[in-house]
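Q: Could you take me through one part of this model up close? I'd like to hear about the ligand site, and then how a few other pieces look beside it.

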Amino acid sequence: MSKKDLDSQEALLACFDRPCMLVDSEQVTYANDAAINLLGRHITGANVRLAIRAPVAISAILASESSSVTVTDIGTPGSVWELRCELLSKRQRLVTMQDKSEQQSIARVHTDFVANASHELRTPLANILGYVETLNDPKAGGDPSTRKRFLGTIRGEAERMQSLVSDLMSLSRIEAEKHRLPDNSVNLNDICNKVAEEFSGDAKISRKIPKQPVLVRGEEAQLSQMLRNLIDNAFKYGGADVQVILEMVISGDGWVKVMVTDDGEGIAPEHLPRLTERFYRTDPGRSKAVGGTGLGLSIVKHIVSRHRGRLDIRSETGIGTRISISLPLVES
Ligand SMILES: Nc1ncnc2c1ncn2[C@@H]1O[C@H](COP(=O)(O)OP(=O)(O)O)[C@@H](O)[C@H]1O
Ligand SMILES: [Mg+2]
């Protein structure tokens, strides 16, 4: 290849964001900035074995045919790269690398989610099948009081599955629309009052909500669900005689903040960063006993982000929990 051809090849590779190298025989003759950032300054002019220390990568680069391999832990631990090596001539090779770390981690989150969801559904299902089996046995199933008790358990487990399926469907619906900000303006004021009234029958909830309409771009059903999940948690995990306050504050900078505060048991600090993860509970036994699915706050997080809002969780054990949601106001 002429000097001019080589120069233009290098000029072309310099434009790429992904790491690219030219290898002649075993020597790296050119590395673009991205390759130097990833592998270090020393690679230009070095033998490939010294430039990339991963054995899979070296054998792919030195193979007699073009190939593509996955290489891990280059640059940062846990990173995943797809390395492609194309034969340009008998001696010359073009090596390009593409960062697959993010795709890999999305794929892992997805697999974990499917595994967790299946596990959560399988437990109540196994219980239902077990009790049905026992009821079918004339010895155990014949006694009316045992029958009644077992049927009660079966109903409870079926309801648990129903809440799980309904929360899973909500999550997937919200996720499917996450890039589309709702078109409608809704009055957050009305939504807060309606949801608070749903709870006012059996518990103490005080409201501090302004009288005038507070307009945000949003979907009423989702915003209601978000508030319902927060208030529900406050009553469920707050402990006996918990006081819950639903408060709305309009800040001068075009945002409205809705806060759900309880004076309950609070949450230990080590749990706070993980609360919005799917199926994360501070006390799984307790959550299941009160009919929790472990998806409530994850749904809240997705609804807030779809509405381009901000979520803030503060809690102190023995003092209580405050969850605040800020949403941009519709400009009047
Ligand atoms: N107000 C609160 N006070 C104490 N703990 C809470 C509160 N809100 C949430 N939590 C904790 O956070 C966990 C996750 O909440 P959530 O996502 O709604 O799931 P679920 O209620 O179905 O268990 C709960 O299991 C509970 O341990
Ligand atoms: Mg909940």
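A: Here's a walk through the ligand site, followed by a helix and a couple of single residues. Keep in mind that this is a predicted model.

Let's start with ligand 1. There are 18 residues around it, and the ones that come nearest are Y237, T282, S287, G294 and L297. Two of those also turn up in the polar pairs, and in both cases it's the backbone that does the work. For G294, a backbone N or O atom sits 2.6 Å from an oxygen atom of ligand 1. For L297, a polar backbone atom is 2.7 Å from an oxygen atom of the ligand. D262 comes in with its side chain instead: an N or O atom there is 2.9 Å from a nitrogen atom of ligand 1. As for how much of the ligand is covered, on its own ligand 1 has 540 Å² of accessible area, and the protein covers 96% of that.

Where does this sit in the overall layout? The protein splits into domain 1 (3–99), domain 2 (100–176) and domain 3 (180–332). Between the C-alpha centres of domain 1 and domain 3 there are 51 Å.

Next, helix α8, which runs over residues 188–200. With 13 residues at 1.5 Å a residue, α8 should span 18 Å, and its end C-alpha atoms are indeed 18 Å apart, so the two agree. Which residues of α8 are buried? They are L188, N189, I191, C192, V195, A196 and F199. These cover an arc of only 165° around the axis, so they lie on the same side of α8. The general background is that an α-helix has 3.6 residues a turn, so residues three or four places apart point the same way. At the start of α8 there's also a contact to look at: a side-chain oxygen of N187 gets to within 3.1 Å of the backbone nitrogen of N189.

Finally, two charged residues to set side by side. R306 belongs to helix α11 (residues 296–306). With a relative accessible area of 0%, R306 counts as buried because the cut-off is under 20%. Its side chain makes a polar contact with the side chain of Q222, at 3.2 Å. K4, on the other hand, is in helix α1 (residues 3–14). The relative accessible area of K4 is 69%, so K4 is exposed, the cut-off being over 50%. Going along the chain from K4, D17 is 13 residues away, and the C-alpha atoms of the pair are separated by 23 Å.

Terms used. Residues are numbered from 1 along each chain as its sequence is written. Chains are lettered from A and ligands numbered from 1 in the order in which they are written. This is a predicted model: local features need pLDDT of at least 70, side-chain atom pairs count only at pLDDT 80 or more; totals for chains, interfaces and linings use all residues. Side-chain values use heavy atoms; hydrogens and water are left out. Helices (H or I, at least four residues) and strands (E, at least two) are DSSP runs, numbered from the N terminus. The expected span of a helix is 1.5 Å times one less than its number of residues. Buried means under 20% relative accessible area, exposed over 50%, partly exposed in between (1.4 Å probe, protein chains only). The arc is that of the directions from the helix axis to the C-beta atoms. A polar contact is a pair of N or O atoms within 3.5 Å; within protein, one must be able to donate a hydrogen and the other to accept it, and residues adjacent in sequence count only if both atoms are side-chain atoms. A residue is near a molecule or strand if one of its heavy atoms lies within 4 Å of it. Accessible areas come from the Shrake-Rupley method with a 1.4 Å probe; for residues, only the protein chains shown count as cover. Domain bounds come from an automatic or database domain assignment.
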